[in-house]
Amino acid sequence: QRGSSGGLPGPCSMSSDMGTYVEAFKKAAAITTGAALNFYLPAHMWSEGFWGGDPVWCHITITMLCELDSIDRLGEKIVLRIAGTTIGAVAGLVMSYEGLDDISRLVVFFVWTMLFAYFEKKDSSRSYCWTIAAVTFGICVFLPRWGRSRTAWKRWWSIMQGTAVAAFWLWLVPLFGILRKPAVKEEFHKMLSTVCKESLTMMADALEQPGEAQALAQVKASDQKAAAALRGLPVSWRKYHYCRTGCEWFSKSNNHEFTAAKELLAGPMTHLYQSCASAARAGHTAAKSPQSVAGVRASIVDVRTALDGYLLQYVSLGNKREEAAAAAAKEALKGIDRGMAELSNPKVACRSQLAQVLLDATRVVQALSKEVAPQAEKTAKQLEELL
């Protein structure tokens, strides 16, 4: 029978389905709004006149912006898309000069596209901006040759229309807590929670049923989840580069949260995962019975409960974050101290590997709370003596 360590409920499938329905609803609502604006509002606003846009470009913009998986990436993509469209439209106006012959236009076309390609490769974090600039520039060059008037303006205005519609449904409405999208910091701290919980769960499962095939399968499943979260860190960090820059402009505290989460994942959390993976396999094989390591296993479960409970609430804690971190760190240290007392018995199987797990958990506690850091350092020194 699976115990408390393996019986923790995963994400509720009903909740996951509801999130899928919400995202589908927002996308359908945004696209339908774009269609309504282009076909059912007063004609003087959406006709072929000066204020008229192109429903195709508006539709494409809404559809592309709806594909983004966080509110931060949406904000980033809106800024880059508007900037790229504006640059491309302004560049396209040069091609409307009547004094240029076709050879001159080709030379100008080459120069502009060369510049866009250069900046696209040089500024990889904002390459999307220059890609959109090149696309818009090409549209502003080709369509006037087919008799389309005011192409640069219509392209720019259509993108603004589509962006406004997408921003309303995907950015403004969620800011008021309705149909909310995840934020970047939530994703980073979900990674923290996953690595911490699955690493310690892997350790507890191995000690709960040593030698059992079912326990080994549970260990491997937790190992895969923690490893997947850690592998996603470099990709996520590069993906949110521009977003982190924006956070630095507007809020140094937000930028600090990103940096702290990244350092914790890349340092103490990675070490905790590595030691748990090693000790779980060793303990699963070497432990003679669950009773021989029951005390250590109980302490690991306590540490997991304290840390994971804090990390899951991190985003919503606000100004109470430091206080909650100290409380969670103190509870985790109590579990570590109990585990260290169990390891004072030299007959405990895999004593040095288990001590390393507790030591790495202590380093995580140190990183989470400055208030508890001195006490954690003393515990760490005592654990080092057991290695």
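# Exercises on a predicted helical model

Lysine 330 and glutamate 371 form a salt bridge in which the closest N and O atoms are 3.3 Å apart. The pair ties together parts that are 41 residues apart in sequence, because lysine 330 lies in helix 13 and glutamate 371 lies in the loop between helix 14 and helix 15. The structure is a predicted model, and the exercises below work through some of its helices, its salt bridges and its surface.

## Exercise 1: the chain as a whole

Describe the secondary structure of the protein chain, its burial and its contacts.

Solution. Begin with the secondary structure: the protein chain holds 15 helices and zero strands. Next take burial, where 47% of the 387 residues count as buried. Then turn to the contacts with a separation of 6 or more, of which 78% are between residues 24 or more positions apart. Finally, the chain exposes about 19900 Å², and carbon and sulfur atoms supply 61% of that area.

## Exercise 2: the two partners of the opening salt bridge

Decide whether lysine 330 and glutamate 371 are buried, partly exposed or exposed.

Solution. The cut-offs needed here are that buried means under 20% relative accessible area and exposed means over 50%, with partly exposed in between. Lysine 330 has a relative accessible area of 39%, and therefore it is partly exposed. Glutamate 371 has 53% relative accessibility, so it counts as exposed.

## Exercise 3: other salt bridges

Find how many salt bridges the whole structure has, and examine the pair of lysine 26 and glutamate 23 as well as the pair of arginine 363 and glutamate 377.

Solution. A search of the whole structure gives eight salt bridges. One of them joins the side chains of lysine 26 and glutamate 23, with an N to O distance of 3.0 Å. Both of these residues belong to helix 1 (residues 13-39), where they are three residues apart, about one turn of the helix. Lysine 26 is buried, since its relative accessible area is 0%, whereas glutamate 23, at 29% relative accessibility, counts as partly exposed.

The side chains of arginine 363 and glutamate 377 also meet in a salt bridge, at 3.2 Å from N to O. Arginine 363 lies in helix 14 and glutamate 377 in helix 15, so this pair ties together parts that are 14 residues apart in sequence. Salt bridges that share partners join Arg363, Glu377 and Glu384 into one network. As for accessibility, arginine 363 counts as partly exposed at 27%, and glutamate 377 is partly exposed with a relative accessible area of 28%.

## Exercise 4: the length and faces of helix 15

Check the length of helix 15 against the expected span, and then work out where its buried residues lie.

Solution. Helix 15 covers residues 373-386, and at 1.5 Å a residue its 14 residues should span 20 Å, which agrees with the 20 Å between its end C-alpha atoms. The expected span is 1.5 Å times one less than the number of residues. The buried residues of helix 15 are Ala373, Ala376, Thr379, Ala380, Leu383 and Leu386. Seen down the axis of helix 15, these buried residues fall within an arc of 115°, and therefore they line one face of the helix. On the other side of helix 15, Pro374, Lys378 and Glu385 are exposed. The last step is to ask what the buried residues meet: they pack against helix 13 (321-342) and helix 14 (351-368).

## Exercise 5: helix 6 and threonine 136

Which residues does threonine 136 touch, and is threonine 136 buried or exposed?

Solution. Threonine 136 lies in helix 6, a helix of 19 residues (127-145) that should span 27 Å at 1.5 Å a residue and has end C-alpha atoms 28 Å apart, which agrees. The buried residues of helix 6 include Trp130, Thr136, Phe137 and Leu143. Threonine 136 counts as buried because its relative accessibility is 0%. Leaving aside residues up to four places away in sequence, threonine 136 touches Gly84, Thr85, Gly88, Ala89 and Arg155.

## Exercise 6: a nonpolar patch on the surface

Which residues form the nonpolar patch on the surface, and how does phenylalanine 119 count by its accessibility?

Solution. The patch is formed by Ile103, Leu106, Val107, Phe110, Val111, Met114, Leu115, Tyr118 and Phe119, which together have about 920 Å² of accessible area. Phenylalanine 119 lies in helix 5 (residues 102-122). With 33% relative accessibility, phenylalanine 119 counts as partly exposed.

Note on methods
Residues numbered from 1 in each chain as written. Predicted model: local features only at pLDDT ≥ 70, side-chain atom pairs only at ≥ 80, totals over all residues. Heavy atoms only, no water. Helix = DSSP H or I, 4+ residues; strand = E, 2+ residues; numbered from the N terminus. Buried < 20%, exposed > 50% of the residue type's maximum accessible area, 1.4 Å probe, protein only. Arc of directions from axis to C-beta. Contact = heavy atoms within 4.5 Å. Areas by Shrake-Rupley, 256 points an atom, 1.4 Å probe, with all protein chains shown as cover. Patch = residues over 30% accessible without salt bridge, like charges linked within 9 Å, V, L, I, M, F, W, Y side chains within 5 Å. Salt bridge = Lys/Arg side-chain N within 4 Å of Asp/Glu carboxyl O.
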